[in-house]
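Here are my notes on the pockets, the cavities and the ligand. Keep the 3D view open and follow along.

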Amino acid sequence: MTAIIEPTTTTDPGTTETFESLNPANGDVVGVHPVASKEDVDAAVARAREASAWWRELGFEGRQELLMQWKGVITRRMAQLADLVHLETGKPHGDAQLEIALAIDHLNWAAKHAKKVLGRHKVSSGLLMANQASYVQYQPLGVIGVIGPWNYPVFTPMGSIVYALSAGNTVVFKPSEYTPGVGRWLAESFAEVVHGRPVLQTVTGLGETGNALCLADIDKLAFTGSGRTGKKVMAACATNLTPVIIEAGGKDVLIVDEDADLAAAADAAIWSGMANAGQTCIGTERVYVHEKVFDPFMKELTDQVQQVRAGDDATASFGPITMPSQIDIIKSHLDDAVAKGANVVIGGPEAVGERFVQPTILSHVPEDSTEMTEETFGPTLAVNPVKTMEEAVERTNATAYGLAGAVFSKKNGMAIAERIRSGMTSINAVTAFAGVPSLPFGGVGESGFGRIHGPDGLKEFTYAKAITRQKYKPLLALTTFARDAKTDKRAATLINLMHGGKSTLPKK
Ligand code: NAD
């Protein structure tokens, strides 16, 4: 259980095909990685299967001890990992550090709470079965496949990885082809703590490697990425009836009520819409503002956004667009909005460069433009006035997505939040739920299904096991062919007493 530094081979050494990960700010090669073939993936899953009995048998305490050691390694080397995240995604070092810090906190929570959430619990047996003692416990599934995106290459996959590991599963992780170095770093640092046991392995490659993982002998697949790929993942997993979790995209809204703190709401909209160049699944893309405060809110927004800029230098607020193909999508959404009559407040289609997109704010954006209906994944905000909070909620919910969102309101925050059809909402803050390890994380509709984080996230990687133990012979022996008419009559009387209640129907 001591830390031994030794490189891990997370992809079969026989693999010859490779691919490069590039720095999106300048195109420089950051690293060269193997393309794991179907055979490589199957071999990794077979190794994970072998290691899973050992990992499961360690029990909650044994696993917690090792996971805490891993937590220490990641924490002490946070700057090194943040450098790698910065190089592969282009995001500022401070943002990379923030996502790592949140992932560390989740690791800590998952490992420490696994026993309490998943361990054996006694439950009430009820009057009918009073002679039984009843228990429920949550057993690990075995081997979990995790497929991750590039936008938060530590925080996002770790939301599945650390909960799956804490629950007693082994994991084979396929990171995005844009951030393979980060994926390998995670498995290699883990292997320094859990030496010689392939409990967490990384297989690198493109979509085909991900497809091979879906088809491999795994017990569940946790996917985070676009809805488009999520559908392919589900179809592939259906081949072996492998269950899936889908964490897909969003079109999140920030609602501003008439009594909101407008400066705080503007700050939050800009940060959640533009940090990481707007490439955040739970980032704000649409803003609905009560018409009574629309003008002062827009003034706040335009004043504050002056301080924000894309760039590659240390003082830039956010970096480049990580995936070059996204540039065309951002441009097409802005073009569509402007062609349909949107008002350009800041930036606009001209703000879209070759690698960087400068802050863009549009207002009065037609609801049928792609800027309002599809995930833009760029540093853009579409801000529209609404007459009432009912209208704000209605427009918010008029989307196929349902991931997250925020409400700024002094009096009615909770009432508005409860009516938004999404997995997560923050009141008077943005994305706060992601930093609370005890809260579930996930969406509805096209944003996917299943939950990571919190007790629900631990249970996602288990199956519920029910056990009863007979304490004494039943007063009414119902499950035997020796049951007689007298017993049936007593059973009917008992059920009547328990559930018949007093009739409120008119007597016939
Ligand atoms: P993507 O769908 O392009 O890729 C995600 C992963 O799937 C990558 O590792 C990729 O190699 C793999 N993949 C591609 N084709 C595959 C196939 N046929 N079978 C199996 N795997 C395959 O997504 P992306 O561009 O990496 O990530 C951005 C998207 O992720 C956005 O839509 C964003 O909203 C979403 N996202 C969602 C969450 C969330 O928690 N809901 C978090 C982060 C990102």
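**Notes on the empty spaces and the ligand**

1. Let's start with the second largest cavity. Its lining is made up of Asp252, Val253, Ser272, Ile282, Gly283, Thr284, Ala404, Gly405, Ala406, Val430, Thr431 and Phe433. Strand S10 and strand S15 (405-408) are the elements that put two or more residues into this lining. Sorted by class, the lining has six nonpolar residues, five polar ones and one charged one. The space inside comes to about 50 Å³. Bear in mind throughout that you're looking at a predicted model.

2. How many cavities of 30 Å³ or more does a search of the whole structure find? The search turns up two. The largest cavity holds about 80 Å³ of space. It is lined by 14 residues, and Arg286, Thr396, Thr399, Gly402 and Ala404 are the closest to its centre. Look for strand S10 (252-256) and helix H13 (389-397) here, as each gives at least two residues to the lining of the largest cavity. That lining splits into five nonpolar, five polar and four charged residues. Ala404 is worth clicking on: it is among the residues closest to the centre of the largest cavity, and it also appears in the lining of the second largest cavity.

3. Now for the pockets. The largest pocket has a volume of about 1000 Å³. There are 39 residues lining it, and the closest to its centre are Gly225, Ser226, Gly227, Arg228 and Thr229. Helix H7 (207-215), strand S8 (220-224), helix H8 (227-238) and helix H11 (325-339) each contribute at least two residues to this lining. Which element gives the most? That's H8, with seven residues. As for chemistry, the lining of the largest pocket counts 15 nonpolar, 15 polar and nine charged residues.

4. Where does the largest pocket sit relative to the two domains? It lies between them, because domain 1 (18-248) and domain 2 (252-436) both give residues to its lining.

5. The second largest pocket contains about 410 Å³ of space. Of its 25 lining residues, Leu102, Tyr152, Phe155, Ile282 and Ala434 are the closest to the centre. Helix H4 (93-118), helix H5 (155-166) and helix H9 (262-274) each supply at least two residues of the lining, and H4 gives the most, with four residues. By class you'll find 13 nonpolar, eight polar and four charged residues. Domain 1 (18-248) and domain 2 (252-436) each provide at least three residues to the lining of the second largest pocket. Ile282 is a good one to highlight: it is listed among the residues closest to the centre of this pocket, and it lines the second largest cavity too.

6. Finally, the ligand. It is surrounded by 30 residues, the closest being Lys174, Glu177, Ser226, Thr229 and Glu375. Ser226 and Thr229 should look familiar, since you met them among the residues closest to the centre of the largest pocket.

7. Zoom in for some polar contacts. A polar side-chain atom of lysine 174 is 2.7 Å from an oxygen atom of the ligand. At glycine 148, a polar backbone atom sits 2.8 Å from a ligand oxygen atom. Asparagine 211 has a backbone N or O atom 3.4 Å from a nitrogen atom of the ligand. How much of the 860 Å² that the ligand exposes when taken alone does the protein bury? The figure is 91%.

How values were computed
Residues numbered from 1 in each chain as written. Predicted model: local features only at pLDDT ≥ 70, side-chain atom pairs only at ≥ 80, totals over all residues. Heavy atoms only, no water. 1 Å grid on protein atoms, 1.4 Å probe; cavity = no way out; pocket = protein on both sides within 12 Å on 5 of 7 lines; lining within 4 Å. Points joined across faces, edges and corners; volume = space filled by probe spheres on them. Nonpolar A, V, L, I, M, F, W, Y, C, P; charged D, E, K, R; others polar. Domains from an automatic or database assignment. Near = heavy atom within 4 Å. Polar contact = N/O pair within 3.5 Å; in protein donor to acceptor, adjacent residues only side chain to side chain. Areas by Shrake-Rupley, 256 points an atom, 1.4 Å probe, with all protein chains shown as cover.
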